[in-house]
Amino acid sequence: MSVSDSTLNQRIEALVADATRSVPAVGDLEALHALEVDLTGRRSLLVEAKRELGRLDADERRQLGQKVNEARDAIEELLAARRLELVAEARSSQLEAERLDLTEREPGRTGRLHLVTQARDRLEDVFVGMGFTVAEGPEVETDFYNFEALNLPPSHPARGMWDTFYVDVGEPGTVLLRTHTSPVQIRVMEATEPPICSIMPGRVYRRDTADATHTPVFHQIEGLVVDEGISFADLAGTLDAFTRAYFGREVRSRLRPSYFPFTEPSAEYDISCVFCAGVGCRSCGGTGWLELGGCGMVHPNVFAAVGYDPERWTGFAFGFGIDRMTAQRHGVDDLRELFTNDVRFLEQF
Ligand code: FA5
């Protein structure tokens, strides 16, 4: 084929003009690739023109060679710019298609409260119905509130009951992630005079290895009642009424002697196993009972730490694991299920 220098020049100019119109108009990456093959591929005018260069004298070859290179650069720039736009468009339409609106709650559609949050709300409702008010405290605490004011002075052996995450702030060992909700008792008593009848729900942290009944981050609900003449019988009656209201009439509760430095006497609060109705199964270790938390009469040293007169005031306190209560109430036999965020699991509740 014989192509004259000037015709080739015109055709290359026409090609660039055509590419300037057609490349930005391409609608998707596949079509862009096809156009790229037409414009710069083995059968393209640019390659054809390169082949012609050998037939030209040195001067003409230099001029046409420059023209071909400029045309190639211009076309490749157009292709690259459009490719970037199309990739960005594809990405944003993919994001749009996969978007989850985490703020919207429409009955029957995506978006609902997490099971543990539902449980916390319900626990609050039950206790508020029994006359309690709701208080909260910080998750990052000082050693004073988490331990010392709770009758756990430095080096007290019972500190080992709580494997603690310390925060690298201030003097080493003085700031920590609260290991229980009990420090909120101290904050409430510091801020109020008796009578007190409060619950304090919230998140707590322990260096516990995750297993079926433990997670390193979990939730507790603390209770505190302080007045003149409060007795252990009030504690037992309150927990019994709570058990019926929260778990239903068929579930029984019991108190077992135990030890906590901030209560004296202290007890463990158990409920009859919801999986086997108290007969004994794998979930309750064959005992028929499940331990949900600790409780007891507020220790006089705790009252002294907040400036209450232990001769005048008496009170009881309790602290239950919300996650374990949730699991019991809904028959979930592994706490980790609550936090792996498998939507298929969470959607059931
Ligand atoms: C306490 O934390 C005391 N502060 C409770 C208390 C308050 C006693 C007031 C007396 C007066 P304990 O360490 O046993 O006690 O924890 C209470 C409950 O939290 C446990 O019974 C359990 O239900 C739950 N719990 C403890 N560790 C974990 C964990 N790693 N994962 C999930 N739940 C846990």
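**Reading salt bridges, burial and a ligand shell**

Modeller: The count for this structure comes to 21 salt bridges, and since we are looking at a predicted model, each distance and accessibility discussed below is a computed value.

Colleague: What should I have in mind when I read such a pair, and which residue does Arg55 meet in a salt bridge?

Modeller: The general idea is that side chains of opposite charge can pair when their charged atoms come close. Here the side chain of Arg55 meets that of Glu52, with an N to O distance of 3.7 Å. It is worth reading the accessibility of each partner separately: Arg55 counts as exposed because its relative accessibility is 62%, whereas Glu52, at 9%, counts as buried.

Colleague: Which residue forms a salt bridge with Asp59, and how are the two placed in helix 4?

Modeller: Asp59 pairs with Arg62, and their closest N and O atoms are 2.5 Å apart. The two residues are three apart in helix 4, which spans residues 58-97, so about one helical turn separates them. As for accessibility, Asp59 is partly exposed with a relative accessible area of 45%, while Arg62, at 53%, is exposed.

Colleague: Which partner does Glu291 have, and what does that pair tie together?

Modeller: Glu291 forms a salt bridge with Arg256, the closest N and O atoms lying 4.0 Å apart; since the cut-off is within 4 Å, this is a pair whose distance you should read alongside the rule. Glu291 belongs to strand 8 and Arg256 to strand 6 (residues 253-260), so the pair ties together parts that are 35 residues apart in sequence. Both partners are partly exposed, Glu291 at 39% relative accessibility and Arg256 at 30%. Through salt bridges that share partners, Arg254, Arg256, Asp270 and Glu291 are joined into one network.

Colleague: Turning to the ligand, how many residues surround it, and which are the closest?

Modeller: A shell is best read first by its membership, then by its contacts. The ligand is surrounded by 26 residues, the closest being His180, Ser182, Arg206, Asp208 and Leu292. By class, the shell divides into nine nonpolar, twelve polar and five charged residues. Helix 7 (182-191), strand 5 (217-227), strand 8 (289-298) and strand 9 (314-321) each supply at least two of its residues, and the largest share, five residues, comes from strand 8.

Colleague: Which N or O atoms of Leu292 lie 2.9 Å from an oxygen atom of the ligand, those of the backbone or those of the side chain?

Modeller: For Leu292 it is a backbone N or O atom that lies at 2.9 Å from a ligand oxygen. With His180, by contrast, an N or O atom in the side chain is 2.9 Å from a nitrogen atom of the ligand, and in the side chain of Arg206 an N or O atom is 2.8 Å from a ligand oxygen. The protein covers 96% of the 680 Å² of accessible area that the ligand has on its own.

Colleague: Helix 7 supplies part of that shell; why can this helix be called largely enclosed?

Modeller: Burial of an element is read by counting its buried residues. In helix 7 seven of the ten residues are buried, so the rest of the structure largely encloses it. These residues are Ser182, Pro183, Val184, Gln185, Ile186, Val188 and Met189, and what covers them includes strand 2 (140-142), helix 6 (143-146), strand 4 (196-205), strand 5, helix 9 (300-305) and strand 9.

Colleague: Loops come next: is Thr179 buried or exposed, and is Pro154 buried or exposed?

Modeller: A loop position has to be judged residue by residue. Thr179 lies in the loop between strand 3 (175-177) and helix 7, and it is buried because its relative accessible area is 0%. Its side chain is joined to that of Asn146 by a polar contact of 3.0 Å, and, leaving aside residues up to four places away in sequence, Thr179 touches Asn146, Phe147, Trp162, Asp163, Thr164, Val204, Tyr205 and Arg206. Pro154, placed in the loop between helix 6 and strand 3, is exposed, with a relative accessible area of 51%. Leaving aside residues up to four places away in sequence, Pro154 touches Glu148 and Arg159.

Note on methods. Residues numbered from 1 in each chain as written. Predicted model: local features only at pLDDT ≥ 70, side-chain atom pairs only at ≥ 80, totals over all residues. Heavy atoms only, no water. Near = heavy atom within 4 Å. Polar contact = N/O pair within 3.5 Å; in protein donor to acceptor, adjacent residues only side chain to side chain. Areas by Shrake-Rupley, 256 points an atom, 1.4 Å probe, with all protein chains shown as cover. Helix = DSSP H or I, 4+ residues; strand = E, 2+ residues; numbered from the N terminus. Nonpolar A, V, L, I, M, F, W, Y, C, P; charged D, E, K, R; others polar. Buried < 20%, exposed > 50% of the residue type's maximum accessible area, 1.4 Å probe, protein only. Contact = heavy atoms within 4.5 Å.
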